[in-house]
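The following note sets out points for a colleague who is examining the coordinates. Please read it alongside the sequence and the model.

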Amino acid sequence: MTLVDSLASRWSPTWSMVAGALGISTSAVFLDLSGGTPATATFFRCLFAVPMLLPLVRREAGRGPAPGRRQLAYAVVAGVLFAGDALWWTQAIGEVGAGLSTVVVNAQVGLVPLLALAIDREPVTRLFLVLLPVLTVGIVLAGGVFEQGVSGSDPVRGTWHALLAAVCYSGFLYLLRRGGGRGAEVQTYLAVVLAAAVTALVVGPFWGGLTLAPGWGQLAWFVLIAAVSQVGGWLLLALASPRLAPEVGGALLLLTPVGSLVLGALVLGERPSPLQLLGCVVVLACAYVVSARRSPRPSGRRA
């Protein structure tokens, strides 16, 4: 029994995606508490994830085939895109404001299904098309755009950087789905993590700085990010995403900004406004409707 089969026997792909999205939502708060630069955090969270993944890799390698060349190629490109998303988005926050940058980055909910439609000819449902504007309104409200407006040091550059982050994020999610469903998912995900770490190491010195010897306090936070988000959250997403329709996975992944908002209130003392809370309700409701109305994508189906 592969790890995917074991997961399927215990959890539905929908609940796996929900757990993964909530695990990923912790990274923003943990990163804030660590005080590290984006490149430093990206490099170390991926680096520390490697030894955590190795036992799962050995278990998977002993029970199934190794990943193919095309699967590894998808993984390497996905890892580069993952690092690009983290770097572009963090830069956009200071330039255009956290609210608007978060809204633009979460354009993935529309871009990923459209990528699957354009490249794989995988159809989207009419329900998704109807709910897409509602989801967009929910993201705008949850991001606090109406309260903050277009703020920051350079709104024009920040908007472009946030758009580049959204493109990287969407490409990463699309390739994560496209490279899955063939077995060897954990081995493939290890390649994603290694590619992201190398990208952060190479680009980091030119992008806000990269500290290769952070303090013990920062290292502890990076280990926590690696365990909860990079391994727990993203691995669950990597295993569940190929078994879900693209619009379902994209909608459920919107639980990530909602989870970050709630965790920020509990841990950092941030208080969401009534409009932000309304946005969370809208996002949760749409994610539920989309996932409940669409059956899981068969794991053996490939475009």
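1. The largest nonpolar core comprises 60 residues, and those with the most contacts inside it are Leu53, Phe172, Leu173, Tyr189, Trp234 and Leu237. A nonpolar core is here a set of buried Ala, Val, Leu, Ile, Met, Phe, Trp, Tyr and Cys residues joined through side-chain atoms within 4.5 Å. Two or more residues each come from H2, H3 (38-61), H4 (69-96), H6 (108-120), H9 (155-178), H10 (185-203), H11 (216-240) and H12 (246-253). H11 gives the largest share, with 11 residues.

2. Within that core, Trp234 deserves inspection. Leaving aside residues up to four places away in sequence, Trp234 touches Ile24, Arg45, Phe82, Tyr169, Phe172, Leu173, Leu176, Tyr189 and Ser229, a contact being heavy atoms within 4.5 Å. Another core, of 12 residues, lies apart from the largest one; Leu135, Ala142, Val258 and Cys280 are among its members.

3. On provenance, this is a predicted model, in which local features need pLDDT of at least 70 and side-chain atom pairs count only at pLDDT 80 or more, while totals for chains, interfaces and linings use all residues. Residues are numbered from 1 along each chain as its sequence is written, and side-chain values use heavy atoms, with hydrogens and water left out.

4. The chain holds 14 helices and 0 strands; both are DSSP runs numbered from the N terminus, with helices being H or I of at least four residues and strands being E of at least two. Of the contacts with a separation of 6 or more, 91% join residues 24 or more positions apart.

5. Of the 303 residues in the chain, 53% are buried. Buried means under 20% relative accessible area, exposed means over 50%, and partly exposed lies in between (1.4 Å probe, protein chains only). The chain exposes about 13,200 Å², of which carbon and sulfur atoms supply 69%; the areas come from the Shrake-Rupley method with a 1.4 Å probe, and for residues only the protein chains shown count as cover.

6. Two helices were compared with their expected span, which is 1.5 Å times one less than the number of residues. For the 22 residues of H2 (residues 13-34) the expected span is 32 Å, and the end C-alpha atoms are 32 Å apart, in agreement. Just after H2, Gly35 has a positive phi of about 75°. For the 13 residues of H13 (residues 255-267) the expected span is 18 Å, and the end C-alpha atoms are likewise 18 Å apart. Gly269, just after H13, also takes a positive phi of about 75°. The buried residues of H13 are Leu255, Thr256, Val258, Gly259, Ser260, Leu261, Gly264 and Ala265.

7. Helix H9 contains both Thr159 and His161. Thr159 counts as partly exposed because its relative accessibility is 28%, whereas His161 is buried at 8%. Thr159 and Ala92 are 67 residues apart in sequence but 6.9 Å apart in space, C-alpha to C-alpha. His161 touches Trp88, Gln91, Ala92 and Glu95, not counting residues up to four places away in sequence.

8. How many disulfides does a search of the whole structure find? The search finds 0, a disulfide being a pair of cysteine sulfur atoms within 2.5 Å. Cys46 is buried, with a relative accessible area of 0%, and Cys168 counts as buried at 12% relative accessibility.
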